[in-house]
Amino acid sequence: MNTLLELKSIDKRFGGLHVTRGVSFALNAGDRLALIGPNGAGKTTLVNQISGVLSSDSGEIWLRGENVTQLSQARRVRAGLARTFQITTLAPHFAVQRQIELALFEREGMTGRLWRSIDAYPALQAEAQAILTRFGLRAHAAAATQDLAYGEQRLIEMALALALRPKVVLLDEPMAGVPKGDGERLLAALASLPSELAVLIIEHDMDLVFRFANRIVVLADGAVLADGSPDDIRRDPRVRAAYLGN
Ligand SMILES: Nc1ncnc2c1ncn2[C@@H]1O[C@H](COP(=O)(O)OP(=O)(O)OP(=O)(O)O)[C@@H](O)[C@H]1O
């Protein structure tokens, strides 16, 4: 099995509040793992620890065989980890295509040349076009990001994360605030992610979780309550009691 991400008993405390507790699990190539749990269970904190937004108080995080526990966010991105945030973090005035181009420049370590047009780099230009097409954003290429529907902005975020060519991608509530109609486009984009990618998704919508995930980790009070296939999780009496109801 090709393990891409491994959490080894990681913890996070905010003052007296012990928010993640000895969390361990591994993510393999091709996994579609949904991280679920009640509000306040520690899901976002855990994703912040994985991506390096937050340091961990103890335990280790391994990415593709490298101990990244002490590494910055940027170093983790370079090691193959990308993420989206629960709240959209796009530059509102930028054209959609330009956002994608900037992500590509950044990936290539060309941030000193951001002022240049992408025309000088045909391979990157073609890649930007391909990304726009894949996410159904071509018609909006020249539009300012802020003028797009919220669901489309979430698509751009996913596109930006993918532009980094990650091996592991963390999606924090990609459907949050997206109207039902636009949800299907997001789902289609999720379904079309490269199969060898390892995906960890935080999501409250259980329909989506059970449609998308091939593995589910349930977090309760900061600790892993259950880790298994969607069928295992659906049948697990502890999960039903703690989270799913009945
Ligand atoms: N920076 C912080 N400082 C102090 N407490 C925090 C901080 N971030 C999160 N918490 C607390 O940690 C706990 C877990 O929060 P977290 O956002 O990780 O949960 P969650 O499972 O993602 O919740 P939700 O499903 O509502 O997004 C909560 O009690 C929250 O108030």
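Start by selecting Arg64, in the loop between β4 (58-63) and β5 (66-67). Keep in mind throughout that you're looking at a predicted model. Check the backbone here: Arg64 has a positive phi of about 50°, although it isn't a glycine. That's worth a second look because most residues other than glycine have a negative phi. Is Arg64 buried or partly exposed? With 17 other C-beta atoms within 10 Å, Arg64 counts as partly exposed.

**Stop two: a second positive phi**

Now jump to Asp221, which you'll find in the loop between β9 and β10. Asp221 also isn't a glycine, and its phi is positive at about 50°. This residue is partly exposed, because 15 other C-beta atoms lie within 10 Å. Zoom out a little and you'll see the hairpin of β9 and β10, with two residues between the strands; Asp221 takes its positive phi there.

**Stop three: the strands of that hairpin**

Select residues 215-220 for β9 and 223-228 for β10. The two run antiparallel and are joined by five bridges. Pick out Ala220 and you'll find Ala223 of β10 opposite. Next try Val218: its bridge partner in β10 is Ala226.

Then look from β9 to β3, where four bridges join the two strands, this time running parallel. Leu33 is a handy marker, standing opposite Arg215 in β9.

**Stop four: the whole sheet**

Time to show all the strands of this sheet. Six of them form an open sheet in the order β6-β7-β8-β3-β9-β10, and the pairing is mixed. Which are the edge strands? They are β6 and β10, each pairing on one side only. Look along the sheet and follow the twist, which averages 15° from one strand to the next.

**Stop five: the β6 edge**

Select residues 81-84, which make up β6. In a regular strand the side chains alternate between the two faces of the sheet. Here both faces are covered: Leu81 and Arg83 are buried on one side, and Ala82 and Thr84 are buried on the other. Now add β7 (residues 168-172), which pairs with β6 in the parallel sense over four bridges. Arg83 stands opposite Leu170 in β7.

**Stop six: helix α1**

Color residues 43-51 to bring up α1. What share of this helix is covered? Eight of its nine residues are buried, namely Lys43, Thr45, Leu46, Val47, Asn48, Gln49, Ile50 and Ser51. Just after α1, click on Gly52, where phi is positive at about 95°.

Stay with Lys43 for a moment. It's a lysine that counts as buried, because 23 C-beta neighbours lie inside 10 Å and the cut-off is 20 or more. Show its contacts: leaving aside neighbours within four places in sequence, Lys43 is in contact with Leu35, Gly37, Ile202 and Leu219. For a sense of scale, draw a C-alpha to C-alpha distance from Lys43 to Glu127: the two are 33 Å apart in space and 84 residues apart in sequence.

**Stop seven: α3 against α4**

Glu127 takes you to a helix pair. Two packed helices are described by the angle between their axes and the distance between the axes. Select residues 96-107 for α3 and 122-134 for α4: they pack at an angle of about 125°, with their axes 10 Å apart. That angle makes α3 oblique to α4. Turn the view and you can follow α3 passing α4 in a right-handed crossing.

Now show the side chains where they meet. From α3, select Gln97, Ile100, Glu101 and Leu104; from α4, select Leu124, Glu127, Ala128, Ile131 and Leu132. How many of these contact residues are nonpolar, polar or charged? The contact of α3 with α4 has six nonpolar, one polar and two charged residues.

**Last stop: back to the hairpin, then the helices on the sheet**

Bring back β9 and β10 with their five bridges. From there, add α1, which packs on the sheet and touches β3 (32-36), β6, β7, β8 (198-202) and β9. The direction of α1 makes about 150° with that of β7. Finally, select residues 150-163 for helix α5, which also packs on the sheet, touching β6 and β7. The direction of α5 makes about 170° with that of β6.

Note on methods. Residues numbered from 1 in each chain as written. Predicted model: local features only at pLDDT ≥ 70, side-chain atom pairs only at ≥ 80, totals over all residues. Buried ≥ 20, exposed ≤ 12 C-beta atoms within 10 Å, placed from the backbone. Contact = placed C-beta atoms within 7 Å. Axes fitted to C-alpha atoms, helices over the stretch in contact; angles between N-to-C directions. Parallel < 35°, antiparallel > 145°, perpendicular 65-115°, else oblique. Left-handed = near helix turned anticlockwise from the far one by under 90°. Nonpolar A, V, L, I, M, F, W, Y, C, P; charged D, E, K, R; others polar. Pairing = 2+ DSSP bridges.
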